[in-house]
Amino acid sequence: MRASQRDADTLTAFEPLRYGARHLLATAEAQLAQLPEGTVQSRWVYQLGALRDALDRLEGLHEQWLETRDALPTTAKPGTADFDDALAEHLGESWSYLDHWAKHGKALREIDSAARKARSPLAPIPVPALVRRMAARK
């Protein structure tokens, strides 16, 4: 019973991210490709891969759930054993992939933070630094 509740709570927490997850991954991958080598954590590539794989699995499981739910008898509604058992099975299968997002999702923030701190080769030199350089040359 507790595991089923944990699974449901985890899915509920992930749901707002689910629709934008592919965009978040694509953004992080693009940012990662632009970061200077010295700023990249080696675990980030693994974590992004784990998140992508988990998302693929979650999407497949969601499609399976919709098919399972639609195949239930018309009397199977939330609160009935048929519905609740099928939902618990779906949640149980989904939990490990949701847990991957809980464990590795912070890599998205870390990559974004590193990208925001990284100096762009196109960024102009800040004026105070330019003035200091010119003064030091004199």
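# Exercises on charged side chains

In this predicted model, the side chains of Asp-70 and Arg-69 meet in a salt bridge, with an N to O distance of 3.5 Å.

**Exercise 1.** Classify Asp-70 and Arg-69 as buried, partly exposed or exposed.

Solution. Step 1: the classes are under 20% relative accessible area for buried, over 50% for exposed, and partly exposed in between. Step 2: Asp-70 has a relative accessible area of 57%, so this residue is exposed. Step 3: Arg-69 has a relative accessible area of 37%, so this residue is partly exposed.

**Exercise 2.** Find the partner of Glu-29 in a salt bridge, and state which helices the pair ties together.

Solution. Step 1: the partner is Arg-52, and the closest N and O atoms of the two residues are 2.8 Å apart. Step 2: the cut-off for a salt bridge is 4 Å between a side-chain nitrogen of Lys or Arg and a carboxyl oxygen of Asp or Glu, so the pair qualifies. Step 3: Glu-29 belongs to helix H2 (residues 21-34) and Arg-52 to helix H3 (residues 43-71), so the bridge ties together parts that are 23 residues apart in sequence. Step 4: Glu-29 is partly exposed at 34% relative accessibility, and Arg-52 is partly exposed at 24%.

**Exercise 3.** Describe the salt bridge between Lys-103 and Asp-99 by distance, place in the helix and accessibility of Lys-103 and Asp-99.

Solution. Step 1: the closest N and O atoms of Lys-103 and Asp-99 are 3.1 Å apart. Step 2: both residues are in helix H4, where they are four residues apart and therefore separated by about one helical turn. Step 3: Lys-103 is exposed at 51% relative accessibility, whereas Asp-99 is buried at 16%.

**Exercise 4.** State how many salt bridges a search of the whole structure finds, and which network joins Arg-22 to other residues.

Solution. Step 1: the search finds nine salt bridges. Step 2: Arg-22, Asp-56 and Glu-59 are joined into one network by salt bridges that share partners.

**Exercise 5.** List the residues of the negative surface patch that includes Asp-84, and check the accessibility of Asp-84 against the patch cut-off.

Solution. Step 1: the patch is formed by Asp-82, Asp-84, Asp-85, Glu-89 and Glu-93. Step 2: Asp-84 is found in helix H4, which spans residues 81-104. Step 3: a patch residue needs over 30% relative accessible area and no salt bridge. Step 4: Asp-84, partly exposed at 32%, meets the area cut-off.

Definitions and conventions
Residues are numbered from 1 along each chain as its sequence is written. This is a predicted model: local features need pLDDT of at least 70, side-chain atom pairs count only at pLDDT 80 or more; totals for chains, interfaces and linings use all residues. Side-chain values use heavy atoms; hydrogens and water are left out. Patches are made of residues with over 30% relative accessible area and no salt bridge: like charges are joined within 9 Å, nonpolar side chains (Val, Leu, Ile, Met, Phe, Trp, Tyr) within 5 Å. Accessible areas come from the Shrake-Rupley method with a 1.4 Å probe; for residues, only the protein chains shown count as cover. Lys and Arg count as positive and Asp and Glu as negative; His and the chain ends are not counted. The place of a charge is taken as NZ of Lys, CZ of Arg, CG of Asp or CD of Glu. Helices (H or I, at least four residues) and strands (E, at least two) are DSSP runs, numbered from the N terminus. Buried means under 20% relative accessible area, exposed over 50%, partly exposed in between (1.4 Å probe, protein chains only).
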